[in-house]
Amino acid sequence: MNAPVSGLARTPMVALVGNPNAGKTSLFNALTGSRQKVGNYPGVTVERKAGRLALPDGRVCDLIDLPGTYSLDPRSPDEAVTRDAIFGRIAGERPLDAIVAVIDATNLRNHLRFVLELKALDLPLVVALNMVDLAARDGIVVDAARLADLLGLPVVETVAVRKRGLDALGAALAARIGNAAPALPEDRPSDVRALQKQARALAATVETSSGAARRWSQRIDAVALHPVIGPLLLATILFFMFQAVFSWAETPKSWLEAGIAVLQAALTAALPEGVLLSLLNDGVLAGVGAVVVFLPQILILFAFIIALEQSGYMTRAAFLMDRLMARVGLNGRAFIPLLSSFACAIPGIMATRTIDSPRDRLTTILIAPLMTCSARLPVYAVVIGAFIPTRNVGPFGLQGLVLFALYIAGIVGALVAAFALRRTVTKGAAPPFLMEMPKYQWPAPRDLGLGLYGRATAFLTRAGTIILASTIVLWGLASWPQPPENAVKPGIEYSLAGRIGAALEPIFAPIGFNKEIAIALVPGMAAREVAVSALGTVYALQGVDEENAGSLIDQLRSAWPLPTALAFLAWFVFAPQCISTLAITRRETASWRWPIFMFTYLFAAAYIAAGLTFHIASALIPAS
Amino acid sequence: MTVSAPHRPIDALAIGEVALIAAIDRAGLAPDTAQRLCELGFDEGVDVEILHRAPFGGDPIAVRVGNMVVALRRDMARLIEVEA
C-alpha cells in the first residue's frame with residue numbers, strides 16, 4: 001500500500017448480513033455498544049441501525065445491521081431492503097465496502113448456502129461463524145480453518161453475546177477493506193437448489209462432530225409445544241406479563257409521582273401566583289407528568305416482549321396460535337406483530353413487514369391498533385385506579401383482572417375485525433404458513449438493555465415533544481378567554497376548550513361522556529396517553545377555585561358516574577386516536593385510503609362499544 | 001388403474017420417525033413458496049422428522065429438516081413426500 005492509512009478521507013461502509021436468527025443483532029450490539037443510531041430507510045419503515053466500528057489499524061468504519069433474510073431474492077419488504085442495500089440501490093445510502101456474513105454454527109447447511117450466494121457478489125466478505133458456544137453445547141465441532149480454506153474467505157469464530165472473537169473479526173475486516181471502493185455487485189439470479197446441495201456437502205466436510213443438534217430446544221419444546229401444557233403455558237406467560245406490568249411498576253411509579261409533586265410544590269413556592277405558574281404547574285407538570293409516570297410500566301412491558309422475542313419463544317407462540325389465527329383468515333406469523341402491538345402499534349405495524357402476503361399484511365396492520373398498546377395503559381390505569389376497588393378476587397387483584405379483561409376485549413375485537421375484513425375488504429386466498437423456529441437462547445442482557453434504552457428514549461422524546469406541545473396548547477385553550485369578573489361557572493367553561501367541548505358534547509353525550517371527556521379527546525388525537533394528561537390539565541384548571549385539588553384519580557372519582565368510567569374504558573379498547581399509528585399506516589400502505597378506513601371503522605367500533613357499555617351499566621347499576 | 005407410489009407424504013410420519021425426502025411437488029406450490037421451502041432446507045435426500053403437532057387439530061406441524069425446525073401447515077406438508 002502506498003498511501004498512508006490515515007490519509008483516507010472516506011469512511012468505509014460495512015454491513016452485517018445473515019439469515020434470521022444468526023445472532024446478527026447481538027453481534028451488531030457487541031460491536032457498536034450504545035453508540036448506535038436507529039433510524040428508518042427512506043420510504044419504508046424498515047428500521048435502519050447504524051454504528052461506528054474502530055478497526056485495529058486505526059481506521060473507523062460505519063457498520064449497518066441489515067434485516068435478516070434467507071436469500072437475495074426478497075419475499076417481504078424488509079428482505080428487499082437488504083437486497084437493495086447490497087446492490088447500492090437505496091437513495092442516500094453509500095455502497096458497501098465489505099460484508100460480514102453472520103452464520104449460525106449450529107445450522108451450517110442453511111446459513112452456508114447464503115454465504116455462497118453472497119460470495120458470488122465479489123464484494124470483500126468476512127464470515128463470522130457465530131454461536132460456536134451453543135454449537136459446542138450441542139456437541140457440534142466446526143473446523144473453522146478448513147471452512148475458510150474451502151470457502152476461500154476469512155472465517156472468524158465469534159460468540160456475540162460474550163464479545164468473543166470481535167478483535168479477530170475487526171482484523172479480518174481491516175485486511176479486506178481497501179482504499180478504493182469496490183465495484184457495485186451485479187445482480188445475477190442464483191440457483192438455490194444447487195447452492196443448497198453445495199452447502200450441505202461443505203457443512204458435512206467441516207463439521208468434525210455433528211452432535212445432537214438442538215437437544216435442549218427439543219426438550220423445552222416438549223413442554224412449550226405440548227398440546228395441553230403449551231397453550232396453558234402461553235396463557236400463563238401472558239397473564240403474568242400483564243400482572244407484572246401493574247404490580248412491579250407500583251414503586252418506581254410512586255417515586256416519579258412524588259418527584260413531580262415536589263417540583264410542583266417548589267414552583268409554587270418560588271414563583272408568584274399567575275400565568276407562568278399556571279402554565280408550568282397545571283400545564284406542563286400536570287400534563288407531561290401524568291404520562292411520564294408510566295415509563296416504568298412501559299419498560300416492563302417492553303422487557304417482556306423483547307425477552308420473548310430474543311429467547312425464541314415468540315415463534316412458538318405463533319405456532320400455537322396459528323390454528324386460531326387461521327379461523328379468522330390470518331396465519332400464526334401475524335401473532336408476532338400483534339403481540340408487539342401490545343407494546344405499541346407502531347413497532348407492531350413495522351413488524352408486519354415480515355409477512356409476505358400483502359393481504360395478510362394489510363389485515364394485520366388494520367387490526368394492530370386493537371391490541372392494547374402501552375399508551376392506553378395510562379388511561380386504563382387512571383380510570384381503573386379511580387373506579388375499581390383494590391380488593392382481591394381469589395389470588396388476583398381485581399384491578400389487574402379488569403385490566404386483563406380489557407386486553408382480552410381488544411384481542412376479541414381484533415379477531416372479529418380480522419374475520420370481517422378477510423371476508424370483505426381484504427378478501428382472497430389464505431397464504432401459506434412457513435416459519436423457522438429458532439433454537440432457544442437466553443436473552444442477552446446487553447441486547448435487552450439496548451432495546452429498552454431505545455424504547456425509553458423514544459417514549460421520553462414523545463413526552464418531551466408531541467405531548468409537551470399538545471399539553472401547552474390545551475392549557476392555552478383551556479385558560480383563555482378568561483372568565484368574566486362575575487363568573488358563576490368554573491373558568492374552563494368560558495375558555496375556547498370549553499366551547500369546543502360544548503360543541504362536541506352532543507356527539508358524545510349519548511354514550512355517557514361529559515364535556516371534560518369531549519375536551520380531552522381532542523388533544524388525545526395526538527396520542528392516546530395525551531387524553532390522560534388532558535384530563536389532568538382540564539381538571540387541574542377547573543380545580544383552581546376549589547380548595548386544593550387532589551390527584552386526578554380523586555377528581556375523576558367525584559366527577560364521573562361509574563357507567564361513564566366504564567364507557568370510557570370501552571371507548572379506549574377501540575379508540576382510533578393516535579396520529580402516529582395513522583401516519584405509519586399511511587406510509588406502510590402507501591395510500592390515504594387505509595388510514596382513513598382504519599380511523600372510521602375504529603371510531604364506529606369505539607362509539608358503539610362505549611354506548612353499549614354506558615347503557616347496560618346504567619341499567620344494571622342503580623344511580624346513587 | 002392406480003399405481004401405488006413408493007412414497008408417502010411427510011404428514012403421515014409418526015412423531016419422532018426420521019425419513020429422507022423423496023420428492024417435493026413444486027408444481028403444486030406458488031414459485032415463491034417453492035423457493036422459500038428450498039431456502040429453509042427442504043430438498044430431496046434431506047432427513048426430516050415431525051417434532052410436534054399443534055394443539056387443536058394437529059395443524060400446523062413442526063418439522064425438523066437438517067438442523068432447522070420449520071413450522072408449516074399440513075396442506076403444504078402433503079406436497080412433500082418421504083421415502084416409505
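Colleague: How many residues does the contact take from chain A, and how many from chain B?

Modeller: Keep in mind that this is a predicted model. The contact draws on 40 residues of chain A and 34 residues of chain B.

Colleague: And how do I put a size on that?

Modeller: People often give the size of an interface as the accessible area lost when the parts come together. Here, about 3,400 Å² is buried between chain A and chain B, with carbon and sulfur atoms giving 56% of that area. On the chain A side, look at A:Arg75, A:Phe319 and A:Leu434: they lose the most area to chain B, together 20% of what that side buries.

Colleague: What about charges: how many salt bridges are there between chain A and chain B?

Modeller: The count between the two chains is 9 salt bridges. To find one yourself, go to B:Asp43 and A:Arg193, whose side chains meet at 3.4 Å, N to O; that passes because the cut-off is 4 Å. Polar contacts are a separate count, and between chain A and chain B they come to 19 residue pairs.

Colleague: Which elements of chain A each supply at least two residues of the side that touches chain B?

Modeller: Helix 3 (108-119), helix 7 (192-206), helix 8 (215-224), helix 13 (313-327) and strand 12 (434-436). By type, the residues on that side of chain A divide into 18 nonpolar, 8 polar and 14 charged.

Colleague: Strand 12 of chain A caught my eye. Which strand of chain B does it pair with?

Modeller: Its partner is strand 5 (residues 68-72) of chain B, and the two pair in the antiparallel sense over 3 bridges. For a spot to click on, A:Met435 has B:Ala71 as its bridge partner.

Colleague: So how do I read the sheet they belong to?

Modeller: Read the order across the strands. This is an open sheet of 7 strands, 12(A)-5(B)-4(B)-3(B)-2(B)-6(B)-1(B), with antiparallel pairing. Strand 12 of chain A and strand 1 (7-9) of chain B stand at the edges with a single partner strand each, so each has one side left without a neighbour in the sheet. From one strand to the next, the twist averages 40°. Further in, strand 4 (residues 61-65) and strand 5 of chain B run antiparallel, joined by 5 bridges. There you'll see B:Arg64 opposite B:Val69 of strand 5.

Colleague: Back to salt bridges: how many are there over all chains?

Modeller: The count is 32. One of the salt bridges joins the side chains of A:Arg48 and A:Glu93, at 2.7 Å, N to O. A:Arg48 sits in strand 3 (residues 47-54) of chain A and A:Glu93 in the loop between helix 2 (77-86) and strand 5 (98-104), so the pair ties together parts that are 45 residues apart in sequence.

Colleague: Any backbone oddities I should look up?

Modeller: As a rule, most residues other than glycine have a negative phi, and most peptide bonds are trans. The peptide bond from B:Asp59 to B:Pro60, though, is cis, with omega near 0°. You'll find B:Pro60 in the loop between strand 3 (47-53) and strand 4 of chain B.

Colleague: And where is A:Lys163?

Modeller: In the loop between strand 8 (155-157) and helix 6 (166-176) of chain A. A:Lys163 isn't a glycine, yet its phi is positive, near 60°.

Technical notes
Residues are numbered from 1 along each chain as its sequence is written. Chains are lettered from A and ligands numbered from 1 in the order in which they are written. This is a predicted model: local features need pLDDT of at least 70, side-chain atom pairs count only at pLDDT 80 or more; totals for chains, interfaces and linings use all residues. Side-chain values use heavy atoms; hydrogens and water are left out. Contact means heavy atoms within 4.5 Å. Buried area is the accessible area (1.4 Å probe) that two parts lose on being put together, summed over both. A polar contact is a pair of N or O atoms within 3.5 Å; within protein, one must be able to donate a hydrogen and the other to accept it, and residues adjacent in sequence count only if both atoms are side-chain atoms. Helices (H or I, at least four residues) and strands (E, at least two) are DSSP runs, numbered from the N terminus. Ala, Val, Leu, Ile, Met, Phe, Trp, Tyr, Cys and Pro count as nonpolar, Asp, Glu, Lys and Arg as charged, and the others, Gly among them, as polar. Two strands pair if DSSP finds at least two bridges between them. Axes are lines fitted to C-alpha atoms, for helices over the stretch in contact, and angles run from 0 to 180 degrees between N-to-C directions.
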